[in-house]
Amino acid sequence: MKTIEFIRSLIAYLLIALGSALTIKATLGVGSFMALTVALANWTGLSVGMLLILLEMIFFVICLLLEQHFELKGYGLMLVAVFFSGVTTDLALNVVSKAFSPESYGWRMLSFLIGLGLLGIGNGRVLRYGMLTFPIEKWCLLVSQRTKYSFKFYRYGIDVFCVSSALLLAGLHLSPLVIREGTVISMLFLAPIITWASRIH
């Protein structure tokens, strides 16, 4: 059963990677964490997947420092999630970029909505299986357990930081603006899709 859930989790991450690629390709704005990642990619010239790995590894190291007794298997699976996500995101971006290039606003919005749906379903299934989690969520959990603030407080705090940083990079003309209507749509509809997908048996 654990092997099946692991394989299903990897498939879910493939959906997340494809969804991310479609939303990025649509150029109508992306979610908060991806907004910072894309903005940094535009600035540094590094790939989106590489920056996903680097940013997540920062939280990975912090989590290791916060935990006195950590489970080796759990953190090993977390590393699998981080690197698999980064590699598949770059792969999906390359495939999507070569496959099509939506030019009209309508096609770009359709691409974005399909990507958003895949993102929600993929994340929901990852939550359902509970095997391959990201260091950011782990960090929020660890810090919330040590303070009076909730997991949601720290998760929203990361979102605010990411959006603010992406806007700052755009304001400094280091990156095109990646906070657009798609970002608002993601904030409104991604969480409900994730919740729905996580409850499917």
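The exercises below work through a predicted model, taking its nonpolar cores, one helix, its salt bridges and its largest pocket in turn.

**Exercise 1. The nonpolar cores**

Identify which residues of the largest nonpolar core touch the most other members, and state which helix gives the most to this core.

Solution. Begin with the membership: the largest nonpolar core holds 39 residues, and those touching the most other members are Ile24, Met34, Val38, Val48, Trp139 and Ile158. Next, assign the core to elements: at least two residues each come from helix H1 (2–26), helix H2 (32–44), helix H3 (48–66), helix H4 (72–99), helix H6 (135–146) and helix H7 (151–171). Among these contributors, H2 gives the most, with 8 residues. As a local check, take Ile158 and set aside its neighbours within four places in sequence; the residues then in contact with Ile158 are Phe59, Ile136, Trp139 and Cys140. Finally, keep a second core apart from this one, since the model also has a separate set of 13 residues, including Leu10, Tyr13, Ala81 and Leu119.

**Exercise 2. Helix H2**

Determine how the span of H2 stands against the expected value, and which residues of H2 are buried.

Solution. The first step is geometric: H2 has 13 residues, and the distance from its first C-alpha to its last is 18 Å, close to the 18 Å expected at 1.5 Å a residue. The second step concerns burial, where 10 of the 13 residues of H2 fall in the buried class, so that the helix is mostly covered. These buried residues are Ser32, Phe33, Met34, Ala35, Leu36, Thr37, Val38, Ala39, Leu40 and Ala41. The third step asks what covers them, and the packing partners of the buried residues of H2 are H1, H3, H6 and H7. Just after the helix comes Gly45, which has a positive phi near 85°.

**Exercise 3. The salt bridges**

For the pairs Glu67 with Lys138 and Arg155 with Glu137, find the distance between the closest N and O atoms, and decide whether Glu67 is buried or exposed.

Solution. The structure has 4 salt bridges. In the pair of Glu67 with Lys138, the closest N and O atoms are 3.9 Å apart, against a cut-off of 4 Å. This pair links distant parts of the chain, 71 residues apart, with Glu67 in the loop between H3 and H4 and Lys138 in helix H6. Glu67 counts as buried because its relative accessible area is 19%, and the limit for that class is under 20%; Lys138, at 23%, is partly exposed.

Turning to Arg155 and Glu137, the closest N and O atoms are 2.9 Å apart. Arg155 belongs to helix H7 and Glu137 to helix H6, so this salt bridge ties together parts that are 18 residues apart in sequence. Glu137 is partly exposed, with a relative accessibility of 28%. A further salt bridge joins Glu181 and Arg180 at 3.2 Å, N to O, and here Glu181 is partly exposed at 27%, as is Arg180 at 31%. To complete the picture, shared partners join Glu137, Arg155 and Asp159 into one network of salt bridges.

**Exercise 4. The largest pocket**

State the volume of the largest pocket, and name the lining residues that lie nearest its centre.

Solution. The volume of the largest pocket is about 1400 Å³. Its lining comprises 40 residues, with Asn123, Glu137, Arg155, Leu190 and Ile194 nearest the centre. Two of these residues, Glu137 and Arg155, are the salt-bridge partners of Exercise 3. Tracing the lining back to elements, two or more residues are given by each of H1, H2, H3, H4, helix H5 (105–129), H6, H7 and helix H8 (181–198).

Terms used. Residues numbered from 1 in each chain as written. Predicted model: local features only at pLDDT ≥ 70, side-chain atom pairs only at ≥ 80, totals over all residues. Heavy atoms only, no water. Core = buried A, V, L, I, M, F, W, Y, C linked by side-chain atoms within 4.5 Å. Buried < 20%, exposed > 50% of the residue type's maximum accessible area, 1.4 Å probe, protein only. Helix = DSSP H or I, 4+ residues; strand = E, 2+ residues; numbered from the N terminus. Contact = heavy atoms within 4.5 Å. Expected span 1.5 Å × (residues − 1). Salt bridge = Lys/Arg side-chain N within 4 Å of Asp/Glu carboxyl O. 1 Å grid on protein atoms, 1.4 Å probe; cavity = no way out; pocket = protein on both sides within 12 Å on 5 of 7 lines; lining within 4 Å. Points joined across faces, edges and corners; volume = space filled by probe spheres on them.
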